[in-house]
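The following exercises are to be worked through with the sequence and the three-dimensional model at hand. Each task is followed by a solution in steps.

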Amino acid sequence: HIPNPVEFLKPYVDLLGDGNLMAIVPNEFNPLQKKVGGNWFVSKVHVNYFTPESLRTVFDKAGLNVVYESATFPTELFILMGLDHRGNDALGRKLHRFRLRLENFAPKIFNVYQTLYDRFQWGRELVFVGTKKNA
């Protein structure tokens, strides 16, 4: 939704001091998304589409060192299991509630998400944390 993410982040980086900045953005063009196919993720409100590499570049140009990266639940798995929620808002809401219950019931599932991201770059959203360079 932000036309120039580097310029958007820079003022916040200047305010960080020794703190961290977290960004959560859609993980576009990931291997599962490519397997599912189509351009179902294209939206009129998105002006940027990020990959892990492009988000690392944004952080770097904004003056941030990436200190953590991971991803959220790979929702494309639902589609590959026959639960195609594209264009089906009712099913999408149901699957979203299921995922939230899973995460609340079994918080260690985030370790699984980390492994899936580290090994395959799977995950619907990228979760990056950065610190100010030379802080």
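**Exercise 1.** Determine in which strand L126 lies, and whether L126 is buried or exposed.

*Solution.* In this predicted model, L126 belongs to strand 3, which spans residues 125–132. The next step is the relative accessible area, which is 0% for L126. The cut-off for a buried residue is under 20%, so L126 is classed as buried.

**Exercise 2.** Identify the residues that L126 contacts, leaving aside its neighbours within four places in sequence.

*Solution.* With those neighbours set aside, the contacts of L126 include the run A23, I24, V25, P26 and N27. A further group consists of F50, T51, P52 and L55. The list is completed by S70, A71 and Y117. For a separate distance check, take F73: its C-alpha lies 9.9 Å from that of L126, with the two positions 53 residues apart in sequence numbering.

**Exercise 3.** Locate S70 and state which side chain makes a polar contact with the side chain of S70.

*Solution.* S70 is part of strand 2, residues 64–71. Its relative accessible area is 3%, and S70 is therefore buried. The side chain of S70 forms a polar contact with the side chain of Q114 at 2.9 Å. Not counting residues up to four places away in sequence, S70 touches Q114 and Y117, and also E125, L126 and V127.

**Exercise 4.** Decide whether K35 is buried or exposed, and state how many ångströms apart in space K35 and Y117 are.

*Solution.* K35 is found in helix 2, residues 31–36. The relative accessible area of K35 is 63%. Exposed residues are those over 50%, so K35 is exposed. From C-alpha to C-alpha, K35 and Y117 are 16 Å apart, and 82 residues separate them in sequence.

**Exercise 5.** Describe how helix 1 and helix 3 cross, and which residues make the contact.

*Solution.* Two packed helices are described by the angle between their axes and the distance between those axes. Helix 1 covers residues 5–15 and helix 3 covers residues 52–62; their axes come within 8 Å and cross at roughly 50 degrees. Helix 1 is therefore oblique to helix 3. The handedness of this crossing is right-handed. On helix 1, the contact is made by P5, V6, L9, K10 and V13, and on helix 3 by V58, K61 and A62. Classified by character, these contact residues comprise six nonpolar and two charged, with no polar ones.

Methods: Residues numbered from 1 in each chain as written. Predicted model: local features only at pLDDT ≥ 70, side-chain atom pairs only at ≥ 80, totals over all residues. Heavy atoms only, no water. Axes fitted to C-alpha atoms, helices over the stretch in contact; angles between N-to-C directions. Helix = DSSP H or I, 4+ residues; strand = E, 2+ residues; numbered from the N terminus. Parallel < 35°, antiparallel > 145°, perpendicular 65-115°, else oblique. Left-handed = near helix turned anticlockwise from the far one by under 90°. Contact = heavy atoms within 4.5 Å. Nonpolar A, V, L, I, M, F, W, Y, C, P; charged D, E, K, R; others polar. Buried < 20%, exposed > 50% of the residue type's maximum accessible area, 1.4 Å probe, protein only. Polar contact = N/O pair within 3.5 Å; in protein donor to acceptor, adjacent residues only side chain to side chain.
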